[in-house]
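Subject: Structure for you to look at

Hello,

Please find the structure below, followed by my notes on what was found in it.

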Amino acid sequence: PDAKTLKDSEVGQRFSSIPPVHFLPVKIGNQEEWSEEVEHSQSEEHSYECPLYRTSRRTGSITTSGFSSNFVIAIDLPTVLPADHWVLRGVALLCQLDD
């Protein structure tokens with residue numbers, strides 16, 4: 001039941017990998033139609049809007065858009081738990097780990 005969904009890591013495991021994420025560009029005019037398809041396919045699951053950062057520092061200068069320069073994009077990840085569960089744990093995706 002929880003295959004292909006976000007779940008808690010093993011005890012003591014700080015980082016874990018996820019499968020590659022494939023981005024599909026959508027024309028703004030078609031966005032509403034595409035959003036309805038995604039919502040329908042995920043209707044039985046919760047979704048966590050997970051931030052993607054360049055590095056684990058999560059710091060950077062604030063840009064004119066109001067986001068950190070380290071922030072890349074938010075990615076909706078399917079989960080069986082409510083988004084609050086992941087927010088309280090500070091779950092985020094990283095493009096790279098610090099050495």
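To begin with one residue: is V72 buried, exposed or partly exposed? V72 is partly exposed, because its relative accessible area is 38%; buried means under 20%, exposed over 50%, and partly exposed in between, with a 1.4 Å probe and protein chains only.

This is a predicted model, in which local features need pLDDT of at least 70 and side-chain atom pairs count only at pLDDT 80 or more, while totals for chains, interfaces and linings use all residues. Residues are numbered from 1 along each chain as its sequence is written, and side-chain values use heavy atoms, with hydrogens and water left out.

Overall layout

The protein chain has 2 helices and 3 strands, in the order α-β-β-α-β from the N terminus. Helices (H or I, at least four residues) and strands (E, at least two) are DSSP runs, numbered from the N terminus. Of its 99 residues, 17% count as buried. Among contacts (heavy atoms within 4.5 Å) with a separation of 6 or more, 69% are between residues 24 or more positions apart.

Core

The largest nonpolar core consists of 8 residues: L6, Y48, C50, L52, I75, L77, W86 and L93. Such a core is a set of buried Ala, Val, Leu, Ile, Met, Phe, Trp, Tyr and Cys residues joined through side-chain atoms within 4.5 Å. Two elements, β1 (46-53) and β2 (71-79), each give two or more residues to this core, and β1 supplies the largest share, 3 residues. Leaving aside residues up to four places away in sequence, L93 touches I18, C50, P51, L52, Y53, I75 and L77.

Surface

V72, in strand β2, belongs to a nonpolar surface patch with I18, V21, F23 and I73, and together these have about 400 Å² of accessible area. Areas come from the Shrake-Rupley method with a 1.4 Å probe; for residues, only the protein chains shown count as cover. Nonpolar patches join side chains of Val, Leu, Ile, Met, Phe, Trp and Tyr within 5 Å, from residues with over 30% relative accessible area and no salt bridge (a side-chain nitrogen of Lys or Arg within 4 Å of a carboxyl oxygen of Asp or Glu).

Aromatic pair

The whole structure holds 1 aromatic pair (ring centres within 6.5 Å; planes under 30 degrees apart are stacked, over 60 edge-to-face, the rest tilted). Y53 and F71 form this edge-to-face pair, at 6.0 Å centre to centre and 75° between the planes. Y53 is in strand β1 and F71 in strand β2, 18 residues apart.

Regards

Key. Patches are made of residues with over 30% relative accessible area and no salt bridge: like charges are joined within 9 Å, nonpolar side chains (Val, Leu, Ile, Met, Phe, Trp, Tyr) within 5 Å.
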